[in-house]
Amino acid sequence: MLTSPGPNYNYDVEEVVKAYEKAIDAILRELERIDLTNFQRANALATLKSISEILAELNDEAGKLAQIKVEKAATDGIIRALITLEVVATAAEAEKIVAFNRLNKEMVAAAVADTQADLLAVTQNVEKKVRAAVRQATAEAMRNNLPRGINTSDPIRRAILADLRKTLGDSVNTGIIDAAGRRWKPTTYVDVLVRTKMMQAHKEATINEAVHRGAVYGIISKHGAKDACRNYEGKIVKLDRSADGSYPYIYDLPKREIFHPFCKHVVSPFRRIDRLPDGLKQLNKI
Ligand SMILES: [Zn+2]
């Protein structure tokens, strides 16, 4: 149990990503509706208004989902602590007594707010890009006399039109730049974001519950990782910096090696090193 793999949040992440995909599809349909050969300024404004409405609805839904998902992950983290600390024997029993202690209440509130702010930044970014693209496309269409032209079979006009269509379409699907300067598709970014926040909430909820119950050690879960995390599988960590022993403090572990984005590892708290199973003692050279 101490080393059993962590939860799989694919379905939860997918639910949030789907909300974004749905909104992006709706925006694309709005953009396709703009007739660049026969538009008035009012049409572009109406399109922008519809797009703002789609994104406002998305923000609302994403905000609610962020709260549900972070709370779910924290609950799972607490259940794991209750089981490995042998407060209860089964997940079903744990579910009945699970509660957010003060630390976890604060952690969850902060994690929900963080996730919501990051998701909001994604929609704001999409809105900015789309607005700019609509303005650019309508201005270009005017400059090239597209609305006044009669002959839409003119290859030059057709090429310009195709180009403008592409600019509009691309505006929805490019453009989140992260702190490291990498460029992400909005839906990919949302996937990584929600996944990471959930795993983080899981881990922190476990630690807070354990420390609250006076357990200061943890074991890193195992699933046969191939990346740098593999060196940490089954290893003892301290959940409280002041705990005895030369084990690393969990929050000091290098983020490039473990608990990185996409990391599936979680921690299981325990009380006494002398009572660890032999296999884990050997692994930790005890
Ligand atoms: Zn990992």
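How much of this protein, with its 286 residues, counts as buried? Before I answer, please keep in mind that what we are looking at is a predicted model. The share that counts as buried is 44% of the 286 residues. As for the surface, the protein exposes about 15,200 Å², and carbon and sulfur atoms supply 51% of that area.

Let me turn to the overall form. The C-alpha trace spans about 85 × 35 × 30 Å along its principal axes, and the radius of gyration is 25 Å, where a compact globule of 286 residues would have a value near 19 Å. Among the contacts with a separation of 6 or more, 74% come from residues that lie 24 or more positions apart.

Now the secondary structure: the protein contains 7 helices and 5 strands, and if you read along the sequence you meet them in the pattern α-α-α-α-α-β-β-α-β-β-β-α.

I would like to finish with one pair of helices. Two packed helices are described by the angle between their axes and the distance between the axes. Here, helix H4, residues 102–143, and helix H6, residues 186–212, have axes that come within 10 Å and cross at roughly 175°. Because that angle is over 145 degrees, H4 is roughly antiparallel to H6. On the H4 side the contact includes Leu103, Met107, Leu119, Val122 and Val126, while on the H6 side the residues include Tyr189, Val190, Leu193, Lys197 and Glu204. Taken over both helices, the residues of this contact divide into 12 nonpolar, 3 polar and 5 charged.

How values were computed: Residues are numbered from 1 along each chain as its sequence is written. This is a predicted model: local features need pLDDT of at least 70, side-chain atom pairs count only at pLDDT 80 or more; totals for chains, interfaces and linings use all residues. Side-chain values use heavy atoms; hydrogens and water are left out. Axes are lines fitted to C-alpha atoms, for helices over the stretch in contact, and angles run from 0 to 180 degrees between N-to-C directions. Helices (H or I, at least four residues) and strands (E, at least two) are DSSP runs, numbered from the N terminus. Angles under 35 degrees count as roughly parallel, over 145 as roughly antiparallel, 65 to 115 as roughly perpendicular and the rest as oblique. Contact means heavy atoms within 4.5 Å. Ala, Val, Leu, Ile, Met, Phe, Trp, Tyr, Cys and Pro count as nonpolar, Asp, Glu, Lys and Arg as charged, and the others, Gly among them, as polar. The radius of gyration is taken over C-alpha atoms; the globule rule is 2.2 Å times the number of residues to the power 0.38. Buried means under 20% relative accessible area, exposed over 50%, partly exposed in between (1.4 Å probe, protein chains only). Accessible areas come from the Shrake-Rupley method with a 1.4 Å probe; for residues, only the protein chains shown count as cover.
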